[in-house]
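Work through the following exercises with the sequence and the 3D view side by side, and try each task before you read its solution.

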Amino acid sequence: MILKKTFALLAFLCVHHAYAQTKCPVIPMPASATIATANDKTIITRGVQVRVDRKTKATQVQAVADFLKSAIAKLPELPASTGRGQQILLVIARMQDNNPEAYELVVNTQGVKISANTEKGLFNGAVTLLQLLRNEKGQLQSWVIKDAPQYAWRGFMLDESRQFFGKEKVKSLLDWMAYYKLNKFHWHLTDEPGWRIEIKQYPKLTTVGGIGNFTDPKAPATYYTQAEIKEIVQYAADRNIDVIPEIDMPGHATAANNAYPEFSGGGSKGHPEFTFNPAKEGTYTYLTNILREVNDLFPAHMIHLGGDEVSYGNEKWNTNTDIQALMQREHLANIKEVELYFMQRMSDSLYKLNSKMLAWDEMAEVSLPKDKTIIYWWRHDKPNTLKMALEKGYTTVICPRLPLYFDFVQDSTNRHGRKWSKLYNPIESVYKFNPLTLLPADGNPSLIAGMQANLWTETVSDTKRLDYLTFPRICALAEICWTAPDRKNEADFMQRLQPQLKLFEAAGLYYYDPFNPNIHPEPVPKKKTVSDYKD
Ligand code: TNX
């Protein structure tokens with residue numbers, strides 16, 4: 001009897017051991033990951049050759065090879081080079097899965113082969129390889145991974161108007177986004193406290209509009225020059241990330257109006273000089289000139305025009321005589337219609353520049369060409385707005401405050417950051433989120449482009465808080481964007497998260513530790529707190 005039990009235990013341990021070995025450590029979890037031959041190990045050193053298949057010539061593929069080679073050379077976990085040895089081969093080939101981002105990764109005793117339909121797929125495979133290499137310290141098991149994303153839009157938004165973090169921090173964020181296969185960086189560059197992008201035709205936008213931030217209205221001007229923008233956009237492109245700038249209008253325009261008051265449409269007590277003037281022809285020329293320069297800097301040709309919360313500061317529109325005349329001339333019944341008229345005209349300007357128009361869900365009400373418009377659904381308490389956007393046929397990015405606003409609190413003991421009534425965004429809620437559960441009965445799931453987390457920075461006065469709010473929730477975001485719901489497993493995810501925290505530690509990030517929150521106490525933001533602003 002005892003013998004029988006011992007055997008059973010041994011058998012269990014063996015199976016358990018083999019199972020543990022085959023557990024894929026990658027975040028986001030691939031669509032399929034198996035091990036061909038147990039016990040086979042392939043040693044990859046820091047000097048491993050990275051080759052592009054002879055028939056695969058595109059320069060973009062060489063760029064992926066260069067990226068991978070230099071990333072591997074920096075991995076502290078790998079043994080140093082020992083002369084010749086295994087190689088990594090990148091191949092463009094037709095995959096079973098025709099998703100442009102699909103890839104296959106096979107490890108055998110000769111080395112690693114990554115195949116994909118496109119260089120984007122190869123990049124995804126390269127990132128999976130980097131994660132495996134770090135996790136297995138260069139001794140790769142014989143992985144066979146077949147993978148493709150659930151969603152094409154896997155985004156992260158950073159607000160640099162409220163706080164300016166600068167080029168190095170943005171590059172570091174782009175590195176982490178790429179490591180977890182996030183591919184859209186939405187850059188909120190203009191708002192009430194500051195304008196952060198150089199526009200050559202209107203230099204005061206940055207020299208005057210760049211002054212101040214959310215906590216200090218007199219802080220010296222901070223902004224990105226066009227040369228810096230180009231550098232960051234290229235850095236992102238090398239990591240398979242599109243950059244989407246946001247130039248917020250007609251509200252949230254205070255910083256621009258400080259620089260060029262002649263285009264201001266006034267504001268309210270709480271939000272002075274908040275809007276652009278929709279009744280002045282000059283406003284449309286001015287903003288179109290700005291957008292032309294912006295469009296030239298961002299090759300994705302997608303510009304976010306904001307369109308949110310205009311009612312916070314457009315009460316002067318009710319009394320401004322020019323706006324009253326505009327309403328009569330264009331048969332606009334109220335100032336909401338003025339707002340939609342303004343957005344329609346600015347959208348037309350963008351379409352003429354061959355750019356798509358992206359906007360917050362307030363703009364789902366405007367009727368625009370479906371194929372050139374993307375709506376961001378953020379007001380989780382307004383499911384009808386999502387319904388309307390989908391009914392109108394707009395491609396939609398899902399980024400509801402609950403659970404995808406990363407300026408929201410994540411731990412019951414946190415004292416700063418936002419809550420919604422008593423609700424907040426712990427990593428578990430991010431992980432559990434599935435946007436398809438919000439799809440109306442007759443909704444078309446293919447209109448859901450994907451998801452995005454938004455980091456607004458009213459309470460993020462330094463990089464410590466930026467890190468604390470972003471890491472590790474970014475890992476949960478990546479997995480819900482990439483991995484199909486039936487492959488998700490929260491307990492397994494939390495296990496895969498542990499080694500990520502070590503990487504954050506080694507990178508000097510001030511991350512939140514969900515297993516031991518006391519390790520890094522919540523950083524206190526400067527002066528202003530959540531109670532000072534409303535939604
Ligand atoms: C709402 S989301 C805003 C932002 C704030 C944020 C704070 C959206 C389109 N507008 O202006 O920063 O709430 O959580």
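**Exercise 1.** Decide whether Tyr-512 is buried or exposed, and describe its surroundings.

*Solution.* Begin with the relative accessible area of Tyr-512, which in this predicted model is 6%. A residue counts as buried under 20%, and therefore Tyr-512 is buried. Next, place the residue along the chain: Tyr-512 is found in the segment after α16, the helix that covers residues 490–506. Then look for its partners, leaving aside neighbours within four places in sequence; Tyr-512 is in contact with Gln-410, Asp-411, Tyr-468, Phe-471, Pro-472, Leu-501 and Pro-517. With one of these, Asp-411, the side chain of Tyr-512 forms a polar contact of 2.5 Å. Finally, take a residue elsewhere in the chain for reference: Glu-293 is 219 residues apart from Tyr-512, and their C-alpha atoms are separated by 39 Å.

**Exercise 2.** Find out where His-186 lies and which side chain makes a polar contact with its side chain.

*Solution.* First locate His-186, whose place is in strand β10. Its relative accessibility is 0%, and because the cut-off for a buried residue is under 20%, His-186 counts as buried. Now list what His-186 touches, not counting residues up to four places away in sequence: Phe-156, Met-157, Leu-158, Ile-244, Glu-246, His-304, Trp-360, Tyr-376 and Gln-452. The polar contact asked for is with the side chain of Glu-246, at 2.9 Å.

**Exercise 3.** Describe helix α6 and state which elements its buried residues pack against.

*Solution.* Helix α6 runs over residues 226–237 and has 12 residues; from its first C-alpha to its last it reaches 16 Å, close to the 16 Å expected. The buried residues of this helix are Gln-226, Ile-229, Ile-232, Val-233, Tyr-235 and Ala-236. To interpret such a list, recall that an α-helix has 3.6 residues a turn, so residues three or four places apart point the same way. The last step is to name the partners: the buried residues of α6 pack against α4 (167–179), β10 (184–188), β11 (242–249) and α8 (281–297).

**Exercise 4.** How many residues surround the ligand, and which are the closest?

*Solution.* The ligand is surrounded by 12 residues, of which Arg-162, Tyr-405, Asp-407, Arg-418 and Glu-458 are the closest. Sorted by type, the shell divides into 4 nonpolar, 1 polar and 7 charged residues. For individual distances, an N or O atom in the side chain of Arg-418 is 2.4 Å from an oxygen atom of the ligand, while a polar side-chain atom of Glu-458 lies 2.6 Å from a ligand oxygen atom. The ligand taken alone exposes 360 Å², and the protein buries 98% of that.

Terms used
Residues numbered from 1 in each chain as written. Predicted model: local features only at pLDDT ≥ 70, side-chain atom pairs only at ≥ 80, totals over all residues. Heavy atoms only, no water. Helix = DSSP H or I, 4+ residues; strand = E, 2+ residues; numbered from the N terminus. Expected span 1.5 Å × (residues − 1). Buried < 20%, exposed > 50% of the residue type's maximum accessible area, 1.4 Å probe, protein only. Contact = heavy atoms within 4.5 Å. Polar contact = N/O pair within 3.5 Å; in protein donor to acceptor, adjacent residues only side chain to side chain. Near = heavy atom within 4 Å. Areas by Shrake-Rupley, 256 points an atom, 1.4 Å probe, with all protein chains shown as cover. Nonpolar A, V, L, I, M, F, W, Y, C, P; charged D, E, K, R; others polar.
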